[in-house]
Amino acid sequence: MDRLRRAWEVLDDRLGVSKTLGPVLRHPVPPSARWYYVLGSATLFAFIVQVVTGIALALMYIPSTNNAYQTLQFITHDAPFGRVLRGIHYWGASAMILLIGLHMARVFLMGAYKYPREANWLTGVVLFMVTIVIAFTGQLLRWDQTAVWTVAVTAEQAGRIPFIGGAVAHFLLAGDTWSGETLSRFYAFHVFFIPAIIFIFVGVHLWLVLHHGISEPPVAGRPVDPKTYRTWYHAMLEREGRPFWPDAAWRDVAFGVGIITAIVLLAVIVGPPELDRPPDPTLLNADPRPDWYLLWYFAALALIPPKLENAFMIFGPLLAAVVLLVIPFVSNRGERSSSRRPWAVASVGVVCLMIATLWIAGVRAPWSPDFSARLLPEQVVGTASGPVAVGARLFLDKGCEYCHTVAGHGGKRGPDLTYVGDRLSVDQMTWRILNGGTNMPAFANNITPQQLNDLIAFLKSRTRR
Ligand code: HEC
């Protein structure tokens with residue numbers, strides 16, 4: 001024991017550990033720091049889990065179109081602890097997104113972004129945005145059908161941005177369609193570029209937290225005034241401050257350990273998400289869907305009327321980013337307590353409600369056929385008689401419309417067939433209808449040759465013209 005202590009003293013003397021870290025650990029913090037202050041450090045804990053498991057996964061993962069899917073299958077099913085490892089990385093990502101969202105809401109509701117902590121907020125917003133990007137790029141690395149189609153859909157939508165859309169889509173895909181280059185690009189972003197940004201911004205964010213000190217819990221009727229705040233804050237710390245370690249930090253440690261335990265338990269019990277089929281460019285995916293934390297956004301894209309889709313796609317995220325970034329510029333003083341800021345509380349409530357609603361819609365919609373589908377209106381079909389019109393009726397009667405959308409009518413279980421006439425030949429259609437598919441029933445025993453002809457006449461009429 002004595003020897004250990006002496007060894008530590010020698011090391012400490014040569015490296016200066018306690019001289020540097022001591023003041024950081026013991027710096028005074030407001031006395032009434034409570035449990036809701038642990039969300040930021042818990043996000044950091046989750047990020048560290050991601051770095052460690054990410055490195056472990058990268059030891060086995062091969063980022064090439066021929067191998068990516070197979071190496072993940074290997075990791076999941078054959079490598080020792082591989083399933084748990086993938087599980088931790090997945091649930092760690094989920095935890096990180098959830099915690100960062102809660103942390104932001106907490107900081108916003110308590111007005112902790114106000115003077116002098118505006119830069120804390122701005123660096124935090126950047127961290128929030130790059131966290132979403134890193135989560136999204138991670139999903140593609142599975143390189144299964146869902147991942148590839150999620151990216152294809154994203155690139156297609158990015159392509160609609162005016163003027164620069166084509167360039168953005170080209171940049172995302174590293175080419176005109178998805179390929180090995182796409183995978184390399186997302187891999188480089190996921191493991192080098194974005195983590196580097198996160199490290200830098202976490203460093204700045206933490207330094208700012210130390211520099212300005214942790215915000216004291218707000219008190220209604222005590223507004224922030226930039227002229228007096230600093231003096232007041234330091235006097236308050238002198239009077240009643242407590243050392244960060246251990247008075248406040250034990251909560252961070254306890255909560256962080258709890259979070260990591262929860263992540264590991266979920267990884268062991270629930271495991272990582274199943275891989276979809278390997279990507280197949282000839283199959284349109286029935287439902288390209290991202291992981292749960294982005295599902296609500298894709299649901300919004302699926303639900304809004306097609307006419308508004310472009311505008312929403314571009315201006316939705318842009319508006320959200322701008323709003324988040326201007327917050328500290330428009331309100332960096334005044335009341336901090338949420339009991340005096342009804343609009344702040346209301347806006348957080350509205351955002352939560354919106355995300356929850358969309359999320360539920362996203363969970364439900366693509367999975368269940370839409371049994372409320374009605375006969376396609378005549379202006380969609382284009383004629384009221386003849387084989388095409390008969391086919392349109394069969395399209396409903398045989399249940400096709402429960403799963404397939406035509407011009408905005410019908411379910412979303414299967415691919416949109418609005419322009420199927422451009423895409424598939426008569427032979428391909430016949431084959432598909434008679435044999436079905438992974439998520440489509442075979443109709444061979446359920447349809448007469450005459451009905452098949454009419455149905456195909458209708459499908460063939462679905463062209464852009
Ligand atoms: C239970 C839902 C469901 C029903 C009912 C259904 N489909 Fe499908 N359909 C799908 C899915 C899902 C796919 C995607 C292929 C797969 O999953 O293998 C698909 C694929 C197709 C395709 C190929 C689309 C493409 O772009 O490659 C055609 C054509 C098609 N269906 C036509 C029909 C017709 C005609 C009917 C009615 C006779 C019908 N489907 C009924 C779910 C359904």
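Here is a friendly exchange about some helices, contacts and backbone angles in this structure.

Colleague: Before we start, what kind of model is this?

Modeller: Residues are numbered from 1 along each chain as its sequence is written, and side-chain values use heavy atoms, with hydrogens and water left out. Local features need pLDDT of at least 70, side-chain atom pairs count only at pLDDT 80 or more, and totals for chains, interfaces and linings use all residues, since this is a predicted model.

Colleague: How far apart are the end C-alpha atoms of helix α9?

Modeller: Helices here are DSSP runs of H or I with at least four residues, strands are runs of E with at least two, and both are numbered from the N terminus. Helix α9 covers residues 180-212, which is 33 residues. The expected span is 1.5 Å times one less than the number of residues, so α9 should span 48 Å, and this agrees with the distance in the model, 47 Å.

Colleague: Where is the kink in α9 centred?

Modeller: The bend at a residue is the angle between axes fitted to the seven residues ending there and the seven starting there. In α9 the kink is about 45°, and its centre is Phe-189.

Colleague: Is Phe-186 buried or exposed?

Modeller: Phe-186 sits in helix α9. Buried means under 20% relative accessible area, exposed over 50% and partly exposed in between, with a 1.4 Å probe and protein chains only. Phe-186 has 5% relative accessibility, so it counts as buried.

Colleague: What separates the C-alpha atoms of Phe-186 and Leu-140?

Modeller: Contact means heavy atoms within 4.5 Å. Leaving aside neighbours within four places in sequence, Phe-186 is in contact with several residues, including Phe-136, Leu-140 and Leu-172. Phe-186 and Leu-140 are 46 residues apart along the chain, and their C-alpha atoms are separated by 7.3 Å.

Colleague: How is α8 oriented to α9?

Modeller: Axes are lines fitted to C-alpha atoms, for helices over the stretch in contact, and angles run from 0 to 180 degrees between N-to-C directions. The axes of α8 (residues 165-173) and α9 come within 7 Å and cross at roughly 85°. Angles under 35 degrees count as roughly parallel, over 145 as roughly antiparallel, 65 to 115 as roughly perpendicular and the rest as oblique. That makes α8, relative to α9, roughly perpendicular.

Colleague: And α3 with α11, which orientation do they have?

Modeller: Helix α3 (residues 39-58) and helix α11 (residues 244-269) have axes that come within 9 Å and cross at roughly 45°. Therefore α3 is, with respect to α11, oblique.

Colleague: Which residues of α11 does α3 meet?

Modeller: On the α3 side, the residues are Leu-39, Ser-41, Ala-42, Phe-45 and Val-49. They meet, in α11, Asp-252, Phe-255, Gly-256, Ile-259 and Ile-260.

Colleague: What is the relative accessible area of Asn-120?

Modeller: Asn-120 lies in helix α6 (residues 118-140). Not counting residues up to four places away in sequence, Asn-120 touches His-205, Leu-208, Val-209 and His-212. Asn-120 is buried, and its relative accessible area is 9%.

Colleague: Which residue does a cis peptide bond join to Tyr-115?

Modeller: The bond has an omega of about 0°. The partner is found in the loop between α5 (82-109) and α6. That partner of Tyr-115 is Pro-116.

Colleague: What is phi of Ala-174?

Modeller: Ala-174 lies in the loop between α8 and α9. Although Ala-174 is not a glycine, its phi is positive, at about 55°.
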